[in-house]
Amino acid sequence: MHDYLTDGAEIYRRSFATIRAESDLSDLSGDAETVAVRMIHAAGQTDLAADIRVSARAVAAGRAALRSGAPILTDANMVAHGVTRARLPVDNEVVCLLRDPRVPDLAAELGTTRSAAAVQLWGRKLDGAVVAIGNAPTALFHLLDLLAAGAPRPAVVVGIPVGFIGAAESKDALVAEAAGLGVEYITVLGRRGGSAITAAALNALAREEEL
Ligand SMILES: C/C1=C2N=C(/C=C3N=C(/C(C)=C4\N[C@@](C)([C@@H]5N=C1[C@](C)(CCC(=O)O)[C@H]5CC(=O)O)[C@@](C)(CC(=O)O)[C@@H]4CCC(=O)O)[C@@](C)(CC(=O)O)[C@@H]\3CCC(=O)O)C(C)(C)[C@@H]/2CCC(=O)O
């Protein structure tokens, strides 16, 4: 028999104590810190803190949007499935259009990925929404292009795509362009990111709690 911890609450307690002991969270404000802690928890990497960037009003804007019933728009089904529905304040709609039947033709027409084409289909739903891009760099680039062209403003962009091709660049563009576009953001600079970290950030926005 292996000797290991089986009490879920105690696993969480020790986990968050370890994160707080090993992470330098000093650059993050109070509400950003609680979101960052959940992101670090999902990544299992305490040095993630150094790369996390949260714009000044991102957490407040995201929480207010969710309380007022805004939808969550995601690039990947993995992000959508990671949202803990019980944490959502008003049973907010969680939307991923990647499997919409219009997507393959639209992607071919636009000459881009299915992930980016699905973003195009968000349309007016973008207005005041909580956007979460956790997988596809092309989805984040396409969103920034749509916003620059005058698309409705989401309340916050949780933009944390992962990978080697375009991920760091798309997140640098988000940070550089957000103020000019009038959007709040939560991101992780560099190659790291992904659906789990993004879903964790959404779950932290969905319910305020001290960890
Ligand atoms: C280039 C792509 C990347 N995908 C990565 C990592 C993961 N992707 C997984 C899965 C299951 C999916 N990835 C797609 C989004 C698919 N991935 C791509 C694209 C080819 C292009 C996106 C882009 O570059 O912006 C993309 C297909 C598209 O046309 O948009 C997915 C839709 C593919 C599919 O199954 O059809 C699918 C998402 C399904 C869903 O959740 O809805 C992985 C689980 C990989 C695997 O299956 O082994 C993994 C998940 C990572 C995560 O945490 O989300 C990268 C690394 C992001 C990479 C982009 C950058 C790079 O460096 O290559």
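This tour of a predicted model goes from the ligand to the largest pocket and then to two loop residues.

**Stop 1: the ligand**

Select the ligand and display the residues around it; there are 18 of them. Asn77, Ser115, Thr138, Phe164 and Ser195 are the closest. Sorted by class, this shell holds 9 polar residues, 8 nonpolar residues and 1 charged residue.

Now show the polar contacts, beginning with the backbone. A polar backbone atom of Asn77 is 2.7 Å from an oxygen atom of the ligand. At Met78, a backbone N or O atom lies 2.8 Å from a ligand oxygen. Then turn on side chains and pick Asn135: an N or O atom of its side chain is 3.0 Å from an oxygen atom of the ligand. For the ligand as a whole, the exposed area taken alone is 1100 Å², and the protein buries 59% of that.

Colour the secondary structure next. Which elements give two or more residues to the shell around the ligand? They are helix H4 (77–82), helix H6 (114–120) and helix H7 (137–148).

**Stop 2: the largest pocket**

Hide the ligand shell and select Asp27, Leu28, Ala49, Ile52 and Arg53. Among the 17 residues lining the largest pocket, these are the closest to its centre. The space in this pocket comes to about 210 Å³.

Extend the selection to helix H2 (30–43), strand S1 (52–54) and helix H3 (58–67), each of which supplies at least two lining residues. S1 provides the largest share of the lining, with 3 residues. By class, the lining of the largest pocket has 10 nonpolar, 4 charged and 3 polar residues.

**Stop 3: Asp91**

Move to the loop between H4 and S3, where Asp91 is found. Check the backbone torsions here: phi of Asp91 is near 55°, a positive value in a residue that is not glycine. Is Asp91 buried or exposed? Its relative accessibility is 65%, so Asp91 counts as exposed, the cut-off for that class being over 50%.

**Stop 4: Asp100**

Continue to the loop between strand S3 (94–96) and helix H5 (103–110), and select Asp100 there. Asp100 counts as buried because its relative accessibility is 16%, and the class requires a value under 20%. Add Arg102 to the selection and look at its backbone. A polar atom of the Asp100 side chain lies 2.8 Å from the backbone nitrogen of Arg102.

Methods: Residues are numbered from 1 along each chain as its sequence is written. This is a predicted model: local features need pLDDT of at least 70, side-chain atom pairs count only at pLDDT 80 or more; totals for chains, interfaces and linings use all residues. Side-chain values use heavy atoms; hydrogens and water are left out. A residue is near a molecule or strand if one of its heavy atoms lies within 4 Å of it. A polar contact is a pair of N or O atoms within 3.5 Å; within protein, one must be able to donate a hydrogen and the other to accept it, and residues adjacent in sequence count only if both atoms are side-chain atoms. Accessible areas come from the Shrake-Rupley method with a 1.4 Å probe; for residues, only the protein chains shown count as cover. Helices (H or I, at least four residues) and strands (E, at least two) are DSSP runs, numbered from the N terminus. Ala, Val, Leu, Ile, Met, Phe, Trp, Tyr, Cys and Pro count as nonpolar, Asp, Glu, Lys and Arg as charged, and the others, Gly among them, as polar. Buried means under 20% relative accessible area, exposed over 50%, partly exposed in between (1.4 Å probe, protein chains only). On a 1 Å grid over the protein atoms alone, a cavity is a set of points where a 1.4 Å probe fits but cannot get out, and a pocket is an open set with protein on both sides within 12 Å along at least five of seven lines; lining residues have an atom within 4 Å of a point. Grid points are joined across faces, edges and corners, and a volume is the space filled by probe spheres set on the points.
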